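Please open the structure in the viewer and keep the sequence panel visible. The tour below names what to select at each stop and states what is found there.

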Amino acid sequence: MKVNPFETAKRQVDIVCDIIGVNGGVREILKNPKRELTVNFPVRLDDGSYRVFQGYRVQYNMARGPTKGGIRYHPDVTLDEVRALAAWMTWKCAVVNLPYGGAKGGVICDPKHMSMSELERLTRRYASEISPLIGPEMDIPAPDVYTDSQTMAWIMDTYSMQKGYSVPGVITGKPIALGGSEGRGEATGRGCAYVIREAAPHAGLKVKGSAVAVQGFGNAGSVAAKILHDEQGAKIVAISDSKGGIYTAGGMDPHKVEEYKHKTGSVTGFPGAQPITNEELLASKCDILVPAALENVLTKRNADKVQAKMVAEAANGPTLPEADEILFEKKVTLLPDILANAGGVTVSYFEWAQDIQGFFWTLDEVNQRLERTMVRSYGDVHKEAQARKVHNRTAAYVVAIQKVVDAIQRRGIYP
Ligand code: NAD
């Protein structure tokens with residue numbers, strides 16, 4: 001049976017509220033989305049017919065500032081999934097201390113079977129339907145599954161046309177030509193590499209010379225692999241994508257693997273490497289495992305086979321709760337998704353800050369600020385984990401939810 005992600009999200013809030021002693025009305029606020037919009041809108045398809053699509057925008061909590069979160073296009077989108085993703089965005093923004101609440105949007109559609117012009121019309125009409133709820137001071141969307149910088153450009157343009165002037169700060173993940181930020185493309189993988197570097201000494205590891213296995217070689221995984229290899233001297237021993245994986249005990253140059261994937265469409269068959277499955281990659285002989293593809297890959301079935309001393313979640317939700325416990329007992333250092341992949345939303349915040357000032361930063365400035373944010377946030381989580389003797393995931397939730405609780409309590413309730 002498929003788990004309802006919003007039930008999971010609410011259970012996590014209960015666990016943390018029990019730890020930090022939050023009850024009554026504040027706990028109820030944390031377990032309910034503040035605002036939800038469902039829209040049904042027609043789109044003209046290329047054959048001239050009309051089809052009605054359903055979309056959502058959920059603003060989960062805005063106690064700490066305007067809400068922030070991506071827009072997902074997928075046939076399996078549900079309102080409960082969007083609610084859960086919006087809750088997780090609230091905690092992710094809080095753990096790295098961005099002045100944002102959390103939100104998420106989604107449209108039930110199958111973008112793989114739609115033309116570019118159909119996607120443009122769908123995007124512009126969806127943007128128009130949710131436009132009363134979004135804006136640079138209100139709610140700032142971003143890309144998520146099957147939406148990209150082109151989708152963001154259409155949303156920016158649609159919103160700006162309605163206002164009568166350009167509003168780049170309404171959305172992040174835009175092309176640089178429209179006010180996007182330097183460094184946004186590699187921010188998630190780079191942020192993850194910084195957190196790994198900071199956590200390594202506490203896990204008894206030196207990144208230099210450590211063997212790293214990366215599941216998923218897309219935006220998050222390939223950048224993390226390249227930075228760990230180039231800047232921190234790690235040895236990338238295993239890489240995979242949806243077609244399968246490759247392993248070499250002596251390590252591979254991730255740039256060469258990327259070139260090869262570019263030419264052939266997959267990492268599989270990379271010369272000199274041994275073929276492995278995605279399941280074997282998770283259990284491969286390595287020091288650091290970076291799941292950077294899908295959710296729910298580490299389960300109670302395979303968690304005890306993990307040989308890595310550290311698991312850094314570049315992907316969202318790769319580890320099931322039962323697997324968390326097994327890894328904790330095995331003394332594996334887990335770097336939870338809301339911390340390890342928060343580099344993306346952090347540079348989205350930088351993009352918004354640059355847009356509203358109309359003043360743009362160099363790549364070095366962006367990366368230095370990203371590094372400061374990730375180092376400080378890892379430190380906060382590590383301190384909390386030590387003080388409460390809990391694992392890093394619980395500690396990250398405690399840090400995040402405590403900040404949201406403080407904001408709710410300081411603001412009080414209107415009227
Ligand atoms: P992407 O589409 O660029 O890459 C995904 C990679 O995973 C591809 O290499 C693909 O081949 C591989 N993959 C797909 N199915 C697989 C399977 N069954 N087994 C193994 N590999 C498989 O996506 P991305 O942007 O890198 O996102 C990856 C994860 O990181 C997601 O969980 C996403 O939510 C998370 N994330 C990404 C960002 C970001 O800024 N890109 C930010 C936060 C979190």
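Select asparagine 278 together with the ligand: a polar side-chain atom of this residue lies 3.3 Å from a nitrogen atom of the ligand. The model shown is a predicted one, and every stop should be read with that in mind.

Two alanines may be added to the selection. At alanine 220, a backbone N or O atom is 2.8 Å from an oxygen atom of the ligand. At alanine 293, a backbone N or O atom is likewise placed 3.3 Å from an oxygen atom of the ligand. How much of the ligand does the protein bury? Taken alone, the ligand exposes 830 Å², of which the protein buries 69%.

Now show the whole shell around the ligand. It holds 17 residues, and those that come nearest are Thr188, Phe217, Asn219, Ala220 and Asn316. Coloured by character, the shell divides into 7 nonpolar, 8 polar and 2 charged residues.

**Isoleucine 288**

Next, select isoleucine 288, which is placed in strand β10, residues 288-291. Is this residue buried or exposed? Isoleucine 288 has a relative accessibility of 0% and therefore counts as buried. Beyond the residues up to four places away in sequence, isoleucine 288 touches Ile196, Leu205, Ser210, Ala211, Val212, Ala213, Ala308 and Met310. For one of these, alanine 213, a distance can be displayed: the C-alpha atoms of isoleucine 288 and alanine 213 are separated by 6.4 Å, although the two residues are 75 apart along the chain.

**The aromatic rings**

Display the aromatic side chains next. The whole structure contains 10 aromatic pairs. In the pair of phenylalanine 41 and tyrosine 126, the ring centres are 6.2 Å apart and the planes meet at 40°, so the pair is tilted. This pair links distant parts of the chain, 85 residues apart: phenylalanine 41 belongs to strand β1 (residues 35-44) and tyrosine 126 to helix α4 (residues 116-130). Both phenylalanine 41 and tyrosine 126 are buried.

Move on to tyrosine 349 and phenylalanine 350. Their rings form another tilted pair, with 5.8 Å from centre to centre and 45° between the planes. Tyrosine 349 has a relative accessible area of 23% and is therefore partly exposed, whereas phenylalanine 350, at 4% relative accessibility, counts as buried. Which residues belong to the aromatic cluster that includes Tyr349? Select Tyr100, Tyr349, Phe350, Trp352 and Trp361, which form one cluster.

**Two loops with a positive phi**

Select asparagine 97, in the loop between α3 (79-95) and β4 (101-108). Its phi is near 60°, a positive value in a residue other than glycine. With a relative accessibility of 39%, asparagine 97 counts as partly exposed.

Then go to lysine 389, in the loop between α13 (363-388) and α14. Lysine 389 also has a positive phi, of about 55°, although it is not a glycine. At 70% relative accessibility, lysine 389 counts as exposed.

**Along helix α14**

From this loop, proceed to helix α14, residues 392-411, and select asparagine 392. Asparagine 392 counts as buried, at 10% relative accessibility. Setting aside residues up to four places away in sequence, asparagine 392 touches Thr333, Leu334, Leu335, Pro336, Val381 and Ala385.

Further along the helix, select alanine 407. Why does alanine 407 count as buried? Its relative accessible area is 17%, and buried means under 20%. Apart from its neighbours within four places in sequence, alanine 407 is in contact with Ala63 and Arg64. To span a wider part of the model, draw a line from the C-alpha atom of alanine 407 to that of histidine 262: the two are separated by 47 Å, and the residues are 145 apart along the chain.

The last selection is proline 415, in the segment after α14. Is the peptide bond from tyrosine 414 to proline 415 cis or trans? This bond is cis, with omega near 0°.

How values were computed. Residues numbered from 1 in each chain as written. Predicted model: local features only at pLDDT ≥ 70, side-chain atom pairs only at ≥ 80, totals over all residues. Heavy atoms only, no water. Near = heavy atom within 4 Å. Polar contact = N/O pair within 3.5 Å; in protein donor to acceptor, adjacent residues only side chain to side chain. Areas by Shrake-Rupley, 256 points an atom, 1.4 Å probe, with all protein chains shown as cover. Nonpolar A, V, L, I, M, F, W, Y, C, P; charged D, E, K, R; others polar. Helix = DSSP H or I, 4+ residues; strand = E, 2+ residues; numbered from the N terminus. Buried < 20%, exposed > 50% of the residue type's maximum accessible area, 1.4 Å probe, protein only. Contact = heavy atoms within 4.5 Å. Phe/Tyr/Trp six-rings, centres within 6.5 Å; stacked < 30°, edge-to-face > 60°.
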